[in-house]
Amino acid sequence: MIYRMLGSTGEKVSAIGVGGWHLGLKHVKANLSLRIVRTAIDRGVNFMDNSWDYNDGESEKRMGKALADGYREKVFLMTKIDGRSKQEAARQLDESLRRLRVDCIDLVQHHEVIRFEDPHRIFDEEGANAALLEARRAGKLRYIGFTGHKDPRIHLHTLEVAAENGFKFD
């Protein structure tokens with residue numbers, strides 16, 4: 001397996017990861033989801049990607065079950081939230097922790113940052129990032145990031161708004 005350093009975190013992650021979206025599809029049996037995750041880990045894949053809302057949480061539930069029996073310790077676990085307020089982000093994070101059956105998630109990303117107003121909502125004093133910073137201080141997560149799939153100008157804008165608010169991504 002090829003591994004790479006994840007940004008400036010010092011974490012070594014596999015160049016190939018397991019995306020969790022498909023794990024919770026209705027036509028994918030739970031035992032197949034478990035086999036997919038564990039076989040990947042057994043073959044050296046250590047980057048596990050998910051989101052609190054994939055298939056109404058079923059994807060996280062199945063990944064959480066697959067990470068039992070010592071598999072959690074072998075992976076870098078990532079999930080995403082799309083809440084923009086502090087309260088909503090905290091709720092989504094707590095749901096993810098429960099469904100993934102973990103006390104700490106390695107990386108939580110603000111998901112679908114696709115509008116120019118999203119960074120302002122996220123980094124507002126009562127925005128979602130405030131909840132993630134509190135969660136990080138409480139040991140519920142290690143790193144914070146963001147995703148967007150549409151416009152690179154919004155990525156740049158997100159970095160600028162984050163910096164204006166004193167936040168630096170790892």
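How many Å² does the protein expose, and what share of that area do carbon and sulfur atoms supply?

**Figure 1. The surface and overall dimensions of the protein.** In this predicted model, the protein exposes about 8,900 Å². Carbon and sulfur atoms supply 50% of that area. Along the principal axes, the C-alpha atoms fill a box of roughly 45 × 30 × 30 Å. The radius of gyration is 16 Å, which agrees with the value near 15 Å that a compact globule of 170 residues would have. Of the charges, 28 are positive and 26 are negative, and the mean positions of the two groups are 7 Å apart.

**Figure 2. The order of helices and strands along the chain.** The protein contains six helices and seven strands. Read along the sequence, these elements follow the pattern β-β-β-α-β-α-β-α-β-α-α-β-α. Buried residues account for 51% of the 170 residues. When contacts between residues at least 6 apart in sequence are considered, 74% of them join residues at least 24 apart.

**Figure 3. Helix α5 and the elements that cover its buried residues.** Helix α5 spans residues 128–137. Its buried residues are Ala128, Asn129, Ala130, Ala131, Leu132 and Ala135. The cover over these residues includes three strands, namely β5 (76–81), β6 (105–110) and β7 (141–146), together with the helices α3 (86–100) and α4 (118–123). Just after α5, Gly139 adopts a positive phi of about 85°.

**Figure 4. The surroundings of Asp118 in helix α4.** Asp118 belongs to helix α4, one of the elements that cover the buried residues of α5. Is Asp118 buried or exposed? The relative accessible area of Asp118 is 1%, and because residues under 20% count as buried, Asp118 is a buried residue. Leaving aside residues up to four places away in sequence, Asp118 touches Arg84, Glu112 and Val113.

**Figure 5. The pairing of strands β6 and β7.** Strands β6 and β7 run parallel and are joined by five bridges. Within this pairing, Val108 stands opposite Ile144 in β7. Why is β7 described as largely enclosed by the rest of the structure? Five of the six residues of β7 are buried, and the strand is therefore largely enclosed. Both β6 and β7 also take part in covering the buried residues of α5.

Notes. Residues numbered from 1 in each chain as written. Predicted model: local features only at pLDDT ≥ 70, side-chain atom pairs only at ≥ 80, totals over all residues. Heavy atoms only, no water. Helix = DSSP H or I, 4+ residues; strand = E, 2+ residues; numbered from the N terminus. Rg over C-alpha atoms; globule rule 2.2 N^0.38 Å. Buried < 20%, exposed > 50% of the residue type's maximum accessible area, 1.4 Å probe, protein only. Contact = heavy atoms within 4.5 Å. Areas by Shrake-Rupley, 256 points an atom, 1.4 Å probe, with all protein chains shown as cover. Lys, Arg positive; Asp, Glu negative; His and termini not counted. Charge placed at Lys NZ, Arg CZ, Asp CG, Glu CD. Pairing = 2+ DSSP bridges.
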